[in-house]
Amino acid sequence: CVLRQRQERSALQRLLEYLLKALEKKDPKQLFAWPVTDHIAPGYSSIISIPMDFSTMKQRIDNGVYSSLSQFTDDFKLLCNNAMVYNQPHTIYYKAAKKLLHTGVKMMSPDKLRPLRSVLT
Ligand SMILES: CC(=O)c1cc(-c2ccccn2)c2ncccn12
């Protein structure tokens, strides 16, 4: 079999890998690590039309699906909003998603990313 050559990663892929790791650190209970199943969340697939989780975002980075930072942040916001749609406000999932959303948006703001430009390009 042909060994899968270690593909060169683009500057964007390196930036997104860095951001994803930082976001995953904000989810120590790994509530957002994997796709939510109807088994653990009854009726989830009929309530949430476009599911998203960190493992899917990792796959999209590795497969070169994201061609901009905003596509990555859109998936991150989707991940958080899904949890705030399916779960009631008093639940740990809703509260964790709300906190994660605010932290993530702040972390990926232009003034926070500008200093990274040099080290990641
Ligand atoms: C993200 C989310 O909505 C979620 C993650 C989980 C979850 C995540 C890891 C282990 C167990 N449950 C969950 N369980 C019930 C209802 C909703 N959720």
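I began with helix H4 (residues 69-86), taking helices as DSSP runs of H or I of at least four residues, strands as E runs of at least two, both numbered from the N terminus; in this predicted model, H4 has 18 residues and reaches 26 Å from its first C-alpha to its last, close to the 26 Å expected at 1.5 Å a residue, where the expected span is 1.5 Å times one less than the number of residues.

I noted that residues are numbered from 1 along each chain as its sequence is written. Local features need pLDDT of at least 70 and side-chain atom pairs count only at pLDDT 80 or more, while totals for chains, interfaces and linings use all residues, and side-chain values use heavy atoms, with hydrogens and water left out.

I then looked up which residues of H4 are buried (under 20% relative accessible area with a 1.4 Å probe, protein chains only; exposed is over 50%, partly exposed in between), and found Phe-72, Thr-73, Asp-75, Phe-76, Leu-79, Cys-80, Asn-82, Ala-83 and Tyr-86. Their cover includes H1, H2, helix H3 (54-62) and helix H5 (92-107), a contact being heavy atoms within 4.5 Å. For Leu-79, leaving aside neighbours within four places in sequence, I list contacts with Phe-32, Met-52, Asp-53, Phe-54, Met-57 and Leu-100.

Next I checked the largest nonpolar core, which has 24 residues, those with the most contacts inside it being Leu-19, Phe-54, Met-57, Phe-72, Phe-76 and Leu-79; such a core is a set of buried Ala, Val, Leu, Ile, Met, Phe, Trp, Tyr and Cys residues joined through side-chain atoms within 4.5 Å. H1, H3, H4 and H5 each supply at least two residues of this core, and the largest share, six residues, comes from H1.

I turned to Asp-27, in the loop between helix H1 (11-25) and helix H2 (44-47). Asp-27 is buried yet has no salt bridge, and the nearest side chain of opposite charge, Lys-29, is 7.6 Å away; a salt bridge needs a side-chain nitrogen of Lys or Arg within 4 Å of a carboxyl oxygen of Asp or Glu. A polar atom of the Asp-27 side chain lies 2.9 Å from the backbone nitrogen of Leu-31. Not counting residues up to four places away in sequence, Asp-27 touches Phe-32, Ala-33 and Phe-54.

I also looked at Asn-63, in the loop between H3 and H4, which counts as exposed because its relative accessibility is 55%.

Finally, for the whole protein chain, I recorded seven helices and zero strands, and 36% of the 121 residues count as buried.

Technical notes. Lys, Arg positive; Asp, Glu negative; His and termini not counted. Polar contact = N/O pair within 3.5 Å; in protein donor to acceptor, adjacent residues only side chain to side chain.
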